[in-house]
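Dear colleague,

I am passing on the structure below, and I would be glad if you could look through it alongside my notes.

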Amino acid sequence: MSYLSAYPRLGQVALLCEGDVIGYETTLFQKWTGIELGNDPLVDIWCCGTSSCMLGISDAIGRSRPIFAIEDRDFRTVGEARDDCARIRNDRENRAVKIISWSIWNRCEIENYLLEPDVVLPVFRAAFGCTDDDIINALNEILPALALFQASQYVINRARRTWLLADPTSALLSQLRSRPEWKDKTIVVPNHETFRGGLELNCAAWRKQAQAIQCDAVADFDRKFDLWKDCHWHDDFWRSDWAGKEILHWLRVIMTSRFGWPNAESGNREALDWTMNREKRAAQDRPIEAALRPRLVDQFLSVLPSLAAEIREEFEKIKTAIKGYQP
Amino acid sequence: MKLRKVRIENFRAIKGTEVVFADALGAVRPVTVLAGPNGSGKTSVLFAIVQALRGVMRYRVSDLAEPDERDIHTPLSIGGLSPTPPFISVTLDIEFGEEERDAIRKVMAEVSPDERLGNLPNGKVRAVWKYPPERHPDGTIRPFWFLYRTDPWDAVPWFHGRQSAIAGWTSRKFRDRALLDKIGGIYLFPQDRSLRSRVMGERLTEDEDSAPPADRKSRERSSVWGVLEYLSNYSRSAPEATEENWEQRIRESFNRICAPKEYVGFMYRTDDPLGAPYFRDNGSTYPLDMAASGEQVIIEYLARLTHPSPMNHSIILIDEPEIHLHPAWIRQLYLALPKIGVGNQYIVTTHSAELYAAAARDQALVEMGQLIEKA
């Protein structure tokens with residue numbers, strides 16, 4: 001009994017997700033559970049930063065409260081991710097951790113759901129005083145420019161599934177740049193040939209040291225890049241299969257450089273310059289993301305009942321599982 | 001109306017501070033939460049806003065005494081001497097929406113045709129209130145509630161909109177109810193030091209109550225109990241006007257915040273022919289005077305924001321709502337506030353970790369100092 005009472009929050013259910021304390025998931029889930037479940041049961045949102053931290057926190061609290069965990073799918077297939085979840089659930093339950101569900105977003109990350117036209121367009125339109133076409137045009141610049149980066153992230157995620165003994169990032173992407181840059185008010189894509197050549201060299205070097213690892217990174221990269229390089233607003237795959245966080249970041253970069261952002265002192269809108277290193281760019285982006293985040297989340301929740309059935313069903317499943325949980 | 005910014009000097013705990021109620025994109029937030037340690041001036045911010053606006057908005061507030069010398073923040077100085085006597089100064093940047101301005105124009109034309117509404121470009125007004133009030137050249141002193149200055153200079157009549165609308169509606173000078181709903185006011189929910197008297201109207205027994213019967217009746221009518229009775233009767237007499245079924249609206253909001261507890265409505269029972277507001281929980285029903293203090297707090301918010309007319313486009317100030325409330329209800333209250341009324345601006349002070357976190361996630365938190373200040 002004392003163990004149960006020692007749980008440091010109020011809720012009857014702990015919902016574990018990735019992200020930070022003011023991240024998209026925490027903000028969205030806190031509001032969504034409040035609206036959909038009210039106090040019955042009262043759900044606490046635990047933002048764990050990363051999926052690996054979700055394991056530790058579930059061990060720490062999972063014998064006092066039932067847990068609903070939801071991970072990013074990242075670049076895994078739905079089938080792969082579900083297999084991973086089943087294994088994790090099994091592991092926890094063998095140690096008496098109470099699990100309602102250990103699941104994944106069907107899309108790559110939570111941010112991907114905010115890229116739905118009914119969410120991203122009204123929020124950015126209101127924030128930047130522009131038209132839908134301005135936003136769509138910006139995305140049509142961003143999407144092909146991000147294809148190489150997204151393909152590189154896909155490769156890393158694939159490698160992580162087979163390279164169990166080491167993080168493949170430093171080996172595969174050593175000295176390589178896959179992220180676009182911002183120069184002269186435009187998005188500059190890294191050279192495809194340079195990246196691919198470097199990837200091939202890195203793969204070969206790594207293969208010498210670890211013969212046992214089957215390295216298909218170059219083939220994986222080629223396949224995805226060919227598929228994704230002409231990505232456009234009207235395509236569907238990027239909303240579910242790409243890292244949505246990066247798309248939203250670049251959308252903020254383009255929109256604030258073209259339509260400006262209110263100066264904190266004067267309140268006047270000024271076009272922002274993003275020609276700076278990654279750390280400085282992240283620092284400049286932070287307050288902008290913070291201001292837009294609640295608007296995106298509120299807009300998502302307000303249009304959720306009219307979004308595509310697959311999205312509604314995803315949320316409905318979470319609600320049903322939590323409400324129907326019987327220990 | 002919306003309050004975009006307030007600058008306060010020498011008021012109670014505050015030497016000087018500026019609080020901005022707009023987000024990074026310049027939009028005034030529907031809810032702003034002021035957090036900080038005891039004595040950081042959270043409540044003083046609410047009181048300063050009320051003291052500055054109570055006169056010009058003709059807002060009768062019994063929960064806040066008129067300002068006096070003790071409200072002036074006096075800095076420590078050698079021997080208590082200061083070259084200039086300090087005075088309180090509150091500067092408010094206020095905006096009236098376009099629809100609200102139209103409604104005020106129409107109402108004032110009907111109710112106070114002699115009162116001239118000045119030009120209000122973009123609906124923006126800067127109002128300054130000072131205390132002690134100015135002394136006229138003839139030695140007389142202005143009432144404390146006079147605004148020291150407005151910019152534009154002739155903006156004062158715009159602040160009379162809501163009270164004029166209520167007076168005009170009550171005396172049937174105009175019939176378009178929608179006008180009333182578009183004009184904002186101000187309302188303060190103080191900390192809970194007199195909950196019983198506000199909710200119950202001090203329903204003492206005849207033996208306990210020394211007040212004359214007429215005063216007693218008026219006190220009861222203005223209590224939450226009286227308001228709920230009035231709204232219930234009003235809803236019954238106008239069942240066709242479903243959007244005006246205030247009792248139903250209060251019920252829905254209460255049930256959303258306080259589930260699984262429910263507000264049933266003002267009911268009459270064979271053992272209670274005078275009737276009472278009833279609540280239900282787990283199969284049992286109980287009247288307002290038996291309700292938990294948390295239930296009384298929530299029902300008071302809902303009743304006061306509905307009567308004498310629903311508060312929309314208004315500035316609602318709530319001082320530490322967490323007193324008496326389970327943290328789960330605080331979470332629900334935070335989510336429900338923007339949905340109570342239309343276009344209201346809520347300014348809430350708190351020590352609640354739940355409210356603090358919820359507001360931080362929404363970029364709606366104003367931190368007024370840390371418990372331990374950094375060196």
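What follows concerns the cysteines and then one strand of chain B.

This is a predicted model, in which local features need pLDDT of at least 70 and side-chain atom pairs count only at pLDDT 80 or more, while totals for chains, interfaces and linings use all residues. Residues are numbered from 1 along each chain as its sequence is written, chains are lettered from A and ligands numbered from 1 in the order in which they are written, and side-chain values use heavy atoms, with hydrogens and water left out.

Over all chains, the structure holds zero disulfides (a disulfide being a pair of cysteine sulfur atoms within 2.5 Å). The cysteine sulfur closest to that of A:Cys85 belongs to A:Cys48 and lies 14 Å away, which is too far for a bond. A:Cys231 is likewise in no disulfide, since the nearest cysteine sulfur, that of A:Cys108, is 13 Å away. A:Cys85 counts as buried at 3% relative accessibility, and A:Cys231 counts as buried at 3% as well (buried means under 20% relative accessible area, with a 1.4 Å probe and protein chains only).

In chain B, eight of the eight residues of strand E4 (residues 88-95) are buried (strands are DSSP runs of at least two residues, numbered from the N terminus). B:Ile88, B:Val90, B:Leu92 and B:Ile94 point one way from E4(B), and B:Ser89, B:Thr91, B:Asp93 and B:Glu95 point the other way. E4(B) pairs antiparallel with strand E1 (residues 2-11) of chain B over seven bridges (pairing requires at least two DSSP bridges), and B:Glu9 stands opposite B:Ser89. With strand E5 (residues 124-131) of chain B, E4(B) runs antiparallel over eight bridges, B:Arg126 being the bridge partner of B:Asp93.

With best regards

Methods. Buried means under 20% relative accessible area, exposed over 50%, partly exposed in between (1.4 Å probe, protein chains only). Helices (H or I, at least four residues) and strands (E, at least two) are DSSP runs, numbered from the N terminus.
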